[in-house]
Amino acid sequence: MSHPVPTRRRVRRPSTLVLGALAAVGALTLTACTAPGLASDGETQAGETEAVDWSQVEPASEITWWSNHPGASQEVEEELIARFEAEHPEISVNLVTAGANYDEVAQRFQAASQTDALPDLVISSDVWWFRYHLNDQIMPLDDVFEHLGSDTDDYVSAFYGDYEYEGQHWAAPYARSTPLFYYNKDMWEAAGLPDRGPETWAELAEWSADLEGQVAADSKPFGLSTGPSWAAWWFENMIWGQGGQYSDEWETTLDTPEAIAGGEFLRDLFHGDDAIATVSEDSTVDFSAGVVAATIGSTGSLKGILDAADFEVGTAFLPDGPDGGGVPTGGTGLAIPASRTPEQQLAAAMFLQFITDTEQTAYFSQNTGYMPVRTSAIESEEMQAVYETTPQFRTAVDQLGEKARSQDWIRVFVPGADQILTEGIEEIVLRGTDPKTAFEQITPDIETAYRENVEPYL
């Protein structure tokens, strides 16, 4: 479980990072995001590197990008590379499939960290980039972006701010998303339901009786998948909806009545007398095939679902519980390894700046469903036309402004905690384990990970 942190590092107690309003969506705003800050007590700061005079650096002629192609985006990423190389023929980009998901890429990156096999740019998801940062594996982007004249103020502040510590940014937003509620409009209509998603989980339970006749006899109306970087993400909505949370800052709170109520709600979804949910290996595939009537999927799955489904797809906010709920932000950014040469880092930064500019992020969004990471892209005529013709794309933007909530600290800042939380969730979902027991089993592991990897540096 231990992920050693360099002994020279000191991290002070968290300070609040208040994110700016989402100018791209007018009056819509995102709740403040809090995160641990880094010490400046005279010792070497976390991730501090010798200053580079970027004006004296010539970019490398070849760089490597490790990706898992989020949202089945390999062809889209290849097009982004082609566009970059057309504009910068002096630099070639090698795209490497480094894993099937964020965790596989991260494991490969960790394994390569002491070798010469590192990439020049790497996928850095919401539960992995902080670990890279703690271990001095990635570089701050601010100076090189300033050298390149990058308009970082144009990044959606909620997204770019996710990677900020002590005034430095350790990644840039790329494939950013929230979970969405997807529903089969044809089944909804056949069941006599209103053409909208359920406002609450209780309402979905009421509707499920009418939806039972629309799905196969061996299925259920609602399908969900589990697994790392996924289950503990969507479950935040459910535990928040019962008034619980994974943690209060660094303190694990899975033993509270509210958190246990969240687990009981989850167990009842799959194992209660009136269970409405079934476990899917890939719930978006089952949903697209009409096996289930509704599911939760990433914003980044939208384009694939729209292309695969032979019915009209509805999108909606995640339902509320009795105590509200909210939607966690997530997805991935891109980071530049700290150990690469300045020449490689500059070329990687040029490429990173390019593929997250207004035109490219709009292109990526249209072809995947991930959210544009620049306000200028959201406001662009191109994206407004997309929202007009395909309103499903707009749902995530509206939900971000109206329902977004910062993730609980232990999931995103304690190394390994996402995996541990997933184990507890899967005990409940797959085996019907009593939530109190499941949470008691995983809490010591989370607390050990915190003591070994975080607490010594507070």
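**View 1. The outer surface of the predicted chain.** About 17,600 Å² of the protein chain is exposed, and 44% of that area is supplied by carbon and sulfur atoms. Keep in mind as you look around that this is a predicted model. Beneath the surface, 58% of the 458 residues in the protein chain are buried.

**View 2. How the chain is put together.** Here you can trace 19 helices and 18 strands through the protein chain. Among contacts with a separation of 6 or more, 75% are between residues 24 or more positions apart.

**View 3. Inside the largest nonpolar core.** This core holds 139 residues, and the ones touching the most other members are W188, W234, M238 and L266. Helix α12, spanning residues 342–355, gives the core its largest share, with nine residues.

**View 4. A closer look at M238.** M238 is one of the residues that touch the most other members of the largest nonpolar core. Setting aside neighbours within four places in sequence, M238 is in contact with W201, L224, G262, F265, L266, L269 and I296. Of these partners, L266 is also named with M238 among the residues touching the most other core members.

**View 5. D154 in its loop.** To find D154, go to the loop between α4 (142–148) and α5 (157–160). Is this loop residue buried or exposed? D154 has a relative accessible area of 12%, so it counts as buried, the cut-off being under 20%. Apart from neighbours within four places in sequence, D154 is in contact with T358 and with V373, R374, T375 and S376.

Note on methods. Residues are numbered from 1 along each chain as its sequence is written. This is a predicted model: local features need pLDDT of at least 70, side-chain atom pairs count only at pLDDT 80 or more; totals for chains, interfaces and linings use all residues. Side-chain values use heavy atoms; hydrogens and water are left out. Helices (H or I, at least four residues) and strands (E, at least two) are DSSP runs, numbered from the N terminus. Buried means under 20% relative accessible area, exposed over 50%, partly exposed in between (1.4 Å probe, protein chains only). Contact means heavy atoms within 4.5 Å. Accessible areas come from the Shrake-Rupley method with a 1.4 Å probe; for residues, only the protein chains shown count as cover. A nonpolar core is a set of buried Ala, Val, Leu, Ile, Met, Phe, Trp, Tyr and Cys residues joined through side-chain atoms within 4.5 Å.
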